[in-house]
Amino acid sequence: MAQPVVKQPLRLSMPDVFVAVALILASCAGTSAVTYTSPAPSTPPASWSFDQDATGGPPTGSEVFAGEWVVRAEGDAPSRPNALCQVGRAEFPAIALGPTVYGDLSITVRFKPISGREDQAAGIILRVQDKDDYYILRANALEGNVNLYLYAGGRRSGIKEGSAKVASGQWQELRLEATGDRLRGFLNGQPVVEATAASYKAGRVGLWTKADSVTCFDDVVVKPAA
């Protein structure tokens, strides 16, 4: 008479568990698509105040990836009369400000989180390859942090978190410095978060928010890295 087959429970060693978790995390992070490996031959400083752009839509030369980006008059804008505001709702509203490809740089922006029940976020994106691939420096007034993220294949994964008080309803300054694989984030001139990341070497620059954040931006300045 044939003996019944007894199925043994699957047993994983701790190394097996770590490998499985790593594979899951890698899958969630997405795969980076690289379009730009070096900056444009000449990348002089650039700036956007949005004061010469027509109101009611995105600024000239920009590319909207998600969300609703409009230039509009803001009475308290750091440089009057206009600011660029994200007023729609999307998972990750984002906009590339122009076609220029930068490598090492310092990018600064003034921002004001206005409202949002889920998030009150403001972000810089850099080394933008396309709508699904770039780095993010994000400040969040509800969470009280300034974090670095990798956006790869349309999926976001954390690089490094930094704790900071981000005020709602006030203009503040966010700055991101990228030199080689080193990324450094600053809030109001104070260093908050620093990490290394090697996915992207060069790319475009832009702005970012999250979910239902209504956030305004002004005085974006890009300079070569010191």
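**Exercise 1. Classify Arg184 as buried, partly exposed or exposed, and find its salt-bridge partner.**

Step 1. Recall the classes: buried means under 20% relative accessible area, exposed means over 50%, and partly exposed lies in between (1.4 Å probe, protein chains only).
Step 2. Arg184 has a relative accessibility of 24%, so Arg184 counts as partly exposed.
Step 3. A salt bridge is a side-chain nitrogen of Lys or Arg within 4 Å of a carboxyl oxygen of Asp or Glu.
Step 4. The partner of Arg184 is Glu177, with the closest N and O atoms 3.5 Å apart.
Step 5. Both residues belong to a salt-bridge network that links Arg175, Glu177, Arg182, Arg184 and Glu194.

The model is predicted: local features need pLDDT of at least 70, side-chain atom pairs count only at pLDDT 80 or more, and totals for chains, interfaces and linings use all residues. Residues are numbered from 1 along each chain as its sequence is written, and side-chain values use heavy atoms, with hydrogens and water left out.

**Exercise 2. State which parts of the chain are linked by the salt bridge between Arg204 and Glu63.**

Step 1. Side chains of opposite charge can pair when their charged atoms come close.
Step 2. In the pair Arg204 and Glu63, the closest N and O atoms are 2.8 Å apart.
Step 3. Arg204 is in strand E14 (residues 204-208) and Glu63 in strand E2 (residues 63-66), so the pair links distant parts of the chain, 141 residues apart. Helices (H or I, at least four residues) and strands (E, at least two) are DSSP runs, numbered from the N terminus.
Step 4. Arg204 is buried, at 10% relative accessibility, whereas Glu63 is partly exposed, at 37%.

**Exercise 3. Locate the salt bridge between Glu118 and Arg89, and give the exposure of each residue.**

Step 1. The N to O distance of this salt bridge is 2.4 Å.
Step 2. Glu118 is in the loop between strand E6 (105-115) and strand E7 (121-130), while Arg89 is in the loop between strand E4 (82-86) and strand E5 (94-96). The two residues are 29 residues apart.
Step 3. Glu118 has a relative accessible area of 47% and is partly exposed; Arg89, with 55%, is exposed.
Step 4. A search of the whole structure finds 14 salt bridges.

**Exercise 4. Describe the backbone at Pro81, Arg127 and Ala211.**

Step 1. The peptide bond from Arg80 to Pro81 is cis, with omega near 15 degrees. Pro81 is in the loop between strand E3 (69-73) and E4.
Step 2. Arg127 is not a glycine, yet its phi is positive, about 50 degrees. Arg127 lies in strand E7 and is buried, at 1% relative accessibility.
Step 3. Ala211, also not a glycine, has a positive phi of about 55 degrees. Ala211 sits in the loop between E14 and strand E15 (214-224), and its relative accessible area of 7% makes it buried.

**Exercise 5. Find the residues with the most contacts inside the largest nonpolar core.**

Step 1. A nonpolar core is a set of buried Ala, Val, Leu, Ile, Met, Phe, Trp, Tyr and Cys residues joined through side-chain atoms within 4.5 Å.
Step 2. The largest core has 40 residues, and Trp48, Val146, Leu174 and Leu207 have the most contacts inside it.
Step 3. Another core, of twelve residues, lies apart from it; Phe65, Ala96, Ile136 and Trp208 are among its members.
Step 4. Contact means heavy atoms within 4.5 Å. Leaving out residues up to four places away in sequence, Trp48 touches residues including Leu97, Tyr102 and Val205.
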